[in-house]
Each structure stands twice: as structure tokens, then as C-alpha cells.
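Q: Please take a close look at one helix in this structure. Which way do its residues face, and what packs against it?

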Amino acid sequence: MALSTPFTRSRNRPTKLFASSWQHYQKKDPLQHNFERDGGILYKTSVFTPKELTIIQEEVGKMITKDETSSSVARNRSGAVLPSDSDTIRILREGSLITTVIPKLVGSSSHALSTEVPVELRVYEKQGAGMDWHVDDVLFDPPQLEVVITLENTSDCQTMWKKLQHSDGGEDSTSGSDGSSIEVVETDVNSALILRAGGVSHCVSSLKRGRRAILKCVYVDKEAVFRKGEMVTQFGSSIKMRKKSKKR
């Protein structure tokens, strides 16, 4: 009985440290928790409203694509850079993805669509189109969020990424040669794969049939500092940017 009194007091009056930790846990959105747990990657379905998706698909469907420039990781893709005044750019800047998904992911409204890094349409329809295992280059400090949005997918391409060792493997997980857990998904239309640059290694398996069309865009902290002097897009043009300059 001598030990029961302090034990009861401890249960009813948690320490400030415990209370603070619990409050922090309660405030963290499940999207942010999952993103951080898996090393800076999240696959999210239904990222646009039906109206937003229709506008994007109709506009992008009219674009003329050309073969991608030589890349160390990508093969046999085609694509195009979206014009900055397009409805698609407006939706990416103001629509559901930036008003709902991204803020939950980072825990604040600190991010915006990059106005320097172009939004690109990328199409997988040639035999063998795919991407080797790679980690996205870090272009900004803090690192940017690279977002891959699926607009069409009748292909057999599989998107794969290596999960952290402590992450729980799901039904579509397998094991890599290095013992890591590999997540495998055939991305749905209106889904987004969001990655923190410099983080998780990922790839796209070679296409054998069908077609897959995606948008690739970048979201950055509004106070981000650019880390490189020049960035080359995948479709022939280059964008010169000043080092140490703040950008959105």
C-alpha cells in the first residue's frame, strides 16, 4: 500500500514532458506522420476534385510531345513543358493539391508551386519506357518536394520505392537485394507520389504495353534557397538561376 499513492499521483498528473509530447502527437496529421515515417515519400489517391481533373486532362491531352533529351535514369519517354499561363498551372498553384494535401504533409502553409522549375508532362508509351533506380537531386535548401501526378495509366509500368527498414510492408511490398522493403504500385489516375528530394530511392519498371501519362512538378518552401546555377529540363531547354536566391 505504501507504493500505491505515488503511483496514483503519477497517473493522474502526467509530467509536462509527457503532456507536451502527447500534444505534439495529436497535432500531427496522419499524412505528415506517414510521410516522415517512410523517409519522405507518400502515395496519395484522389488529389484533385473531378472538375479540376477534367480541366487538366483536357488541356494536357491537346499538347504536342517530343522525345525526351538524354537522361542517365529515364528511357524512351516523351513529353512537354506546360505554359506558365495554363489552367493546369493555375490549379497546381491554387487548387486542392496545394490547399489540402501539401499543407497536411508539411504541417503548415509554408510551401508553394515553384515558379522557376517548369511543370512537365511525361508520357510512357514506347516499348521499354521507364526509369532506373535513383534519388532526386536536391535543388533547394530546404529540399524541394517532387510530385508525380498520374493523369492516364493503362500500362503495366510499376512504380517502386525503397522503404525504411522500420516501416511495415503492405500487401504490395517485396524485398530488395539489399534486404530493404520495396513498395510496388501501379499508380491510379488522380493520384500523386510525393517525394522529398535527396531521400528515397525509386524507379519505374519498363513498359511492355499500354500508356502512362504523368505531370511532374515541384513545391518548395517559400523561403527556399536555390543550390545550383543551372537546371536543365527533360525536354531540351535550360533555366538559369542565381545561387543563394530566394524563390517560389
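A: What follows is a walk around one helix, α4, and then on to its neighbours. The model is a predicted one.

Start with the helix itself. α4 covers residues 50-61. It has 12 residues and spans 16 Å from first C-alpha to last, close to the 16 Å expected at 1.5 Å a residue.

Now the buried side. Glu 52, Leu 53, Ile 56 and Val 60 of α4 are buried. Viewed down the axis of α4, the buried residues fall within an arc of 95°, so they line one face of the helix. A general rule is useful here. An α-helix has 3.6 residues a turn, so residues three or four places apart point the same way. The face of α4 turned away from the buried side carries exposed residues: Pro 50, Lys 51, Glu 58 and Gly 61.

What lies over the buried residues? The cover includes helices α5 and α6, plus strands β6 (120-124), β9 (145-153) and β15 (212-221).

Take α5 next. The axes of α4 and α5 come within 9 Å and cross at roughly 145°. The crossing is left-handed. α4 supplies Glu 52, Ile 55, Ile 56, Glu 59 and Val 60 to this contact, and α5 supplies Asp 87, Thr 88 and Ile 91. By class, that gives four nonpolar, one polar and three charged residues.

α5 (residues 87-94) also meets α6 (residues 96-106). Their axes come within 4 Å and cross at roughly 35°. Leu 92, Arg 93 and Glu 94 of α5 touch Leu 97, Ile 98 and Thr 99 of α6. This contact has three nonpolar, one polar and two charged residues.

Methods: Residues are numbered from 1 along each chain as its sequence is written. This is a predicted model: local features need pLDDT of at least 70, side-chain atom pairs count only at pLDDT 80 or more; totals for chains, interfaces and linings use all residues. Side-chain values use heavy atoms; hydrogens and water are left out. Axes are lines fitted to C-alpha atoms, for helices over the stretch in contact, and angles run from 0 to 180 degrees between N-to-C directions. Helices (H or I, at least four residues) and strands (E, at least two) are DSSP runs, numbered from the N terminus. Contact means heavy atoms within 4.5 Å. Ala, Val, Leu, Ile, Met, Phe, Trp, Tyr, Cys and Pro count as nonpolar, Asp, Glu, Lys and Arg as charged, and the others, Gly among them, as polar. A crossing is left-handed if the near helix is turned anticlockwise from the far one by less than a right angle, and right-handed if clockwise. The expected span of a helix is 1.5 Å times one less than its number of residues. Buried means under 20% relative accessible area, exposed over 50%, partly exposed in between (1.4 Å probe, protein chains only). The arc is that of the directions from the helix axis to the C-beta atoms.
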